[in-house]
Amino acid sequence: METIRIEKNIPVVGRYDVVVCGGGPAGFIAAIAAARKGASVALVEQYGFLGGMATTSYVAPLSVFTYKGRKVIGGIPWEFIERLEELGGGLIEKPLGNVAFDPELYKLLCQRMVLEAGVKLYLHSYLSGCVCGDGRISQVIIENKSGSQALDADVFIDCTGDADLAYMAGVPMQDKSGRPLQPMSSYFILNGVDTDSPMVREAMHHNKQGENCYCLPMRKKMLELQEELDIPDFGGPWYCTTLHDGCVAVNVTRVSADACDAEQLSAAECSLREDCFRMAGIFRKLFPEFRNCYVASVAVNGGVRETRNIKGMHVISAQEYLNAFHYEDSISRGAHPIDIHASKGASQSVTFLEEPAYVPYRALIAEGFPNLLVAGRCLSADRVAFASLRVQASCMGSGQAAGVAAALASASGVSVQDVDVPALVAELKNMGAQL
């Protein structure tokens, strides 16, 4: 492959205690947590708003905050949910604590809470590189309308979902060769749906313990007619209320792609957008409840289930996760089912947990990288454990822990490996984390 070499001087436009890369569910919570613990914090986000999979991809509901009547994810994430409900933008579905939401009010509340905490926002800014020596990151490089810029920090948190910063810094990744990744899906919002009909009303609320919440009558008919109507690969279908009459967020599309490969990602996005409109037409044709529906919006970004995971100081195993093993350095929880979607076809493997699982601090750090934490979808877990931990409530929980840990490391001048873990756990418990 032909290459070119470019050299340029990049201005360092900010110096912070903590820089968080990625403003999704892990990232905006991490930024708030670090700032509330006294750190100066910058948050870098490629879009012009925060929220990640919830707001760029309409992934709904937010799951799972409570399990078997007990809160699993607390602290700042739960504060966000309660404030979203007060704002009229959230609906807490009991007993699971799955949360339906209005994407626009979600964006607004993210922005408010981050700015209230004193976080400096770098929106429309794309992470393009880092300066790293002997595992220590000194600056991250971002690209925006002002050109190339550098941000300096004591500690960096990778909340990109795809472990972009960790990958750029040279952190070892888990080997995923030899098996397909879980597929991407593009949510879309349908208006004109009969949300008062029994079938839609039943399926758009995700409040059943131990049950897959897809719309079974629709699934059966679509599978029966898949070959005749040339219905593409699909999942579910699942849909969720957006808190507005006649309007639902739909999860049904499915395409196999590696979202860390630019060519595959581009092709997948084009295919998924076509399928959103194909599926809407199929819904109109087959189901009276959808006869007047139309696509009001397609997600800005295809929903990504799986890409990179770091090889951390501890890899959460399936056995540990399924047995709810409690680590000495447990800093968050997970309660979503083990949910593995087939890369081809319409199948899905779901295993419900007996008890909520735990996440150790060591899954957020890698050996030899003294000022880097990760949170959210790129943490260190095997395929089975990750298939539960990838969801948004779990990402918020690990983000909260990473933010507090980063603030402690910066304030005490130690590496992330040498953070006082008992002090970290105590801080998190004081904030309301359920550990």
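Let's start with a charge and a ring: the charged end of K176 sits over the ring of F386, at 5.2 Å from the ring centre. R333 does something of this kind too, with its charged end over the ring of Y358, 3.8 Å from the centre. Keep in mind as you look around that this is a predicted model.

Rings also meet other rings here. Searching the whole structure turns up twelve aromatic pairs. One of them is formed by Y16 and Y122, whose ring centres are 6.3 Å apart with the planes at 85°, so this pair is edge-to-face. The partners come from distant parts of the chain: Y16 belongs to strand β1 (residues 12–21) and Y122 to strand β7 (residues 120–122), with 106 residues separating them. Both Y16 and Y122 are buried. Elsewhere, you can pick out an aromatic cluster made up of F28, F80, F101 and Y106.

From Y122 we can step across to Q149, since Y122 is among the residues that Q149 contacts. You will find Q149 in strand β10 (residues 147–158). Is Q149 buried or exposed? Its relative accessible area is 12%, and the cut-off for buried is under 20%, so Q149 counts as buried. Its side chain is joined to that of N144 by a polar contact of 2.9 Å. Leaving aside neighbours within four places in sequence, the contacts of Q149 also include I10, P11 and V13, as well as V140, I141 and I142.

Several of these names lead us to the strands around Q149. Strand β8 (residues 126–133) and strand β9 (residues 136–144) run antiparallel and are joined by seven bridges. Across this pairing, C132 stands opposite I137 in β9. The two strands form a hairpin with two residues between them, and D134 in the turn has a positive phi of about 55°. Now follow β9 onward to β10: these strands are antiparallel as well, with six bridges joining them. Here V140 has L151 in β10 as its bridge partner. Once again there is a hairpin, with two residues between β9 and β10.

Next, let's visit a helix. Which residues of α12 (residues 421–431) are buried? They are V421, L424, V425, L428 and M431. These residues lie on the same side of α12 because they cover an arc of only 120° around the axis. The spacing has a simple background: an α-helix has 3.6 residues a turn, so residues three or four places apart point the same way. Turn to the other side of α12 and you meet P422 and N430, which are exposed.

What covers the buried residues of α12? The cover includes the helices α1 (25–36), α2 (76–86) and α11 (392–412), together with strand β15 (330–334). Just after α12 comes G432, which takes a positive phi of about 110°.

Our last stop is a loop. A342 lies between β16 (338–341) and β17 (348–351). Leaving aside neighbours within four places in sequence, A342 is in contact with P183, R254 and S347. To get a sense of scale, compare its position with that of A153: the two are 189 residues apart in sequence and 40 Å apart in space, C-alpha to C-alpha.

Conventions
Residues are numbered from 1 along each chain as its sequence is written. This is a predicted model: local features need pLDDT of at least 70, side-chain atom pairs count only at pLDDT 80 or more; totals for chains, interfaces and linings use all residues. Side-chain values use heavy atoms; hydrogens and water are left out. Buried means under 20% relative accessible area, exposed over 50%, partly exposed in between (1.4 Å probe, protein chains only). Helices (H or I, at least four residues) and strands (E, at least two) are DSSP runs, numbered from the N terminus. The arc is that of the directions from the helix axis to the C-beta atoms. Contact means heavy atoms within 4.5 Å. Rings of Phe, Tyr and Trp (its six-membered ring) pair if their centres lie within 6.5 Å; planes under 30 degrees apart count as stacked, over 60 as edge-to-face and the rest as tilted. A charge sits over a ring if NZ of Lys or CZ of Arg is within 6 Å of the ring centre and within 35 degrees of the ring normal. A polar contact is a pair of N or O atoms within 3.5 Å; within protein, one must be able to donate a hydrogen and the other to accept it, and residues adjacent in sequence count only if both atoms are side-chain atoms. Two strands pair if DSSP finds at least two bridges between them.
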